[in-house]
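Visitor: Could you take me through one part of this protein in close detail? I would like to begin with a single pair of residues and work outwards from there.

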Amino acid sequence: MADIFCDCCGDFLPEGTLRYTVHVQIMVEGEDLMMTDSADMLADLHLFIKGDDVADACDIQDDEYQELTFTLCPKCRHRFMQDPFNRSAQQLRLQRTADRLFH
Ligand SMILES: [Zn+2]
């Protein structure tokens, strides 16, 4: 089995270590996307193996739908659950900028 590392902090997560998977789906809001069914996926896979252009055969583009998967250690999972978009870091940067401008 390949070594596994936390995708956020880079810590090594040896076999048996508590770790979490974050699966993210990003899709265009309000669009009625036609999801490929398993038969279409098999056809796309067949085209890919043959070397044909799958993008032409696939109805969904990357800017319409993407799935991402990350592995996190317990510490990074906790931080992600508290602040998934790391807004506190952005607010801290804005505060530091404001402090420099007004002192
Ligand atoms: Zn981590």
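Guide: Happily! Let's start at Val22, whose bridge partner in β2 is Phe70. Please keep in mind that this is a predicted model. The Val22 and Phe70 pair belongs to a longer ladder: β1 and strand β2 (residues 65-72) run antiparallel to each other, joined over eight bridges. How many of the residues of strand β1 are buried? The number is zero out of eight, so strand β1 (residues 20-27) lies largely in the open. As for the side chains, in a regular strand they alternate between the two faces of the sheet.

Now step back to see where the strands sit. The protein chain has four helices and two strands, and along the sequence they come in the order β-α-α-β-α-α. Among contacts with a separation of 6 or more, 67% link residues 24 or more positions apart. Burial is scarce over the whole protein chain too, with 4% of its 103 residues counting as buried.

Further along, the loop between α3 (74-82) and α4 (87-102) holds Asn86. Its phi is near 55°, a positive value in a residue other than glycine. Most residues other than glycine have a negative phi. Asn86 counts as exposed because it has 11 other C-beta atoms within 10 Å, and the cut-off for exposed is 12 or fewer.

After this loop comes α4, whose 16 residues reach 23 Å from first C-alpha to last, close to the 22 Å expected. This helix is hardly covered, with a buried count of zero.

Methods. Residues numbered from 1 in each chain as written. Predicted model: local features only at pLDDT ≥ 70, side-chain atom pairs only at ≥ 80, totals over all residues. Buried ≥ 20, exposed ≤ 12 C-beta atoms within 10 Å, placed from the backbone. Contact = placed C-beta atoms within 7 Å. Expected span 1.5 Å × (residues − 1). Pairing = 2+ DSSP bridges.
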